[in-house]
Amino acid sequence: MLLVKDTKDRFGVISVLLHWYIAATILFLLLSGSTIHYVGVHGPLRPLRESLAWWHMSFAITAAPFILYRIYWRLRFGKPKTHTQHPFFQF
């Protein structure tokens with residue numbers, strides 16, 4: 001059964017989808033940002049740089065509300081209790 005909200009024992013669909021969407025977006029932002037940094041401002045790859053910069057900014061602006069909503073969701077509903085977790089990771 002698909003759980004929408006988090007319970008005491010499991011994450012819900014909203015938490016999982018927000019997590020993976022934000023993780024994929026941040027990975028894309030890191031990769032595109034570093035590529036933009038290394039592609040020269042002048043030269044044959046300038047159109048690639050401009051296109052990548054546009055996509056980079058678009059993803060960042062689009063992801064910002066989702067990141068804020070994920071923070072709200074976690075503060076509102078808390079974190080489910082993990083079963084057997086090493087004490088180092090309980091912090």
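Colleague: Does Glu50 count as buried, exposed or partly exposed, and at what relative accessibility?
Modeller: In this predicted model, a residue is called buried under 20% relative accessible area and exposed over 50%, with partly exposed in between. Because the value for Glu50 falls between those two cut-offs, Glu50 counts as partly exposed, at a relative accessibility of 47%.

Colleague: Which residue forms a salt bridge with Glu50?
Modeller: Side chains of opposite charge can pair when their charged atoms come close. The count of salt bridges comes to one, and in the pair that Glu50 makes, the closest N and O atoms are 3.0 Å apart. Both partners lie in helix 2, four residues apart, which is about one turn of the helix. The partner of Glu50 is Arg46.

Colleague: What is the relative accessibility of Arg46?
Modeller: Arg46 lies in helix 2 together with Glu50. Since partly exposed covers the range between 20% and 50%, Arg46 counts as partly exposed, with a relative accessibility of 40%.

Colleague: How many helices and how many strands are there in the protein?
Modeller: One of the helices is helix 1, residues 13-38, and another is helix 2, residues 46-77. The protein has zero strands, and its helices number two.

Colleague: What is the radius of gyration of the protein, where a compact globule of 91 residues would have one near 12 Å?
Modeller: The C-alpha atoms, taken along the principal axes, fill a box of roughly 55 × 30 × 25 Å. Of the 91 residues, 15% count as buried, and the exposed area is about 7600 Å², of which carbon and sulfur atoms supply 71%. Against the value near 12 Å for a compact globule of that number of residues, the protein has a radius of gyration of 18 Å.

Colleague: What share of the contacts with a separation of 6 or more comes from residues 24 or more positions apart?
Modeller: Ser32, placed in helix 1, gives one view of such contacts, since, leaving aside neighbours within four places in sequence, Ser32 touches Leu52 and His56. Over the protein, among contacts with a separation of 6 or more, the part made by residues 24 or more positions apart is 64%.

Colleague: How far apart are the end C-alpha atoms of helix 1?
Modeller: Helix 1 has 26 residues, and at 1.5 Å a residue they should span 38 Å. The distance in the model agrees with that expectation, because the end C-alpha atoms are separated by 38 Å.

Colleague: Against which element do the buried residues of helix 1 pack?
Modeller: The buried residues of helix 1 are Ser15, Leu18, Ile22, Thr25, Leu29, Ser32 and Ile36. Among them, Ser15 has a relative accessibility of 5% and Ser32 has a relative accessible area of 3%, so both fall under the 20% cut-off for buried. The element against which the buried residues of helix 1 pack is helix 2.

Colleague: With which residues is Ser15 in contact, leaving aside its neighbours within four places in sequence?
Modeller: Ser15 lies in helix 1, and with those neighbours left aside, its contacts are Asp6, Trp73 and Arg74.
One of these partners, Asp6, lies in the segment before helix 1, and the list of contacts for Ser15 reads Asp6, Trp73 and Arg74.

Colleague: What is the relative accessible area of Asp6?
Modeller: Leaving aside neighbours within four places in sequence, Asp6 is in contact with Phe11, Gly12, Ser15, Trp73, Arg74, Phe77, Gly78 and Pro80. The C-alpha atoms of Asp6 and Val16, ten residues apart along the chain, are separated by 9.6 Å. Asp6 is buried because its relative accessible area lies under 20%, at 13%.

Colleague: How far apart are the C-alpha atoms of Val13 and Leu2?
Modeller: Val13 is found in helix 1 and is partly exposed, with a relative accessible area of 29%. Beyond its neighbours within four places in sequence, Val13 is in contact with Leu2, Leu3 and Val4. Although Val13 and Leu2 are eleven residues apart along the chain, their C-alpha atoms are separated by 6.8 Å.

Colleague: Which element gives the largest share of the nonpolar patch?
Modeller: The nonpolar surface patch, of about 610 Å², is made by Ile26, Leu30, Ile67, Leu68, Ile71 and Leu75. The elements giving two or more residues to the patch are helix 1 and helix 2. One member, Leu68, has its place in helix 2 and is exposed, with a relative accessible area of 60%. The largest share, four residues, comes from helix 2.

Key
Residues numbered from 1 in each chain as written. Predicted model: local features only at pLDDT ≥ 70, side-chain atom pairs only at ≥ 80, totals over all residues. Heavy atoms only, no water. Rg over C-alpha atoms; globule rule 2.2 N^0.38 Å. Buried < 20%, exposed > 50% of the residue type's maximum accessible area, 1.4 Å probe, protein only. Contact = heavy atoms within 4.5 Å. Areas by Shrake-Rupley, 256 points an atom, 1.4 Å probe, with all protein chains shown as cover. Patch = residues over 30% accessible without salt bridge, like charges linked within 9 Å, V, L, I, M, F, W, Y side chains within 5 Å. Salt bridge = Lys/Arg side-chain N within 4 Å of Asp/Glu carboxyl O. Expected span 1.5 Å × (residues − 1).
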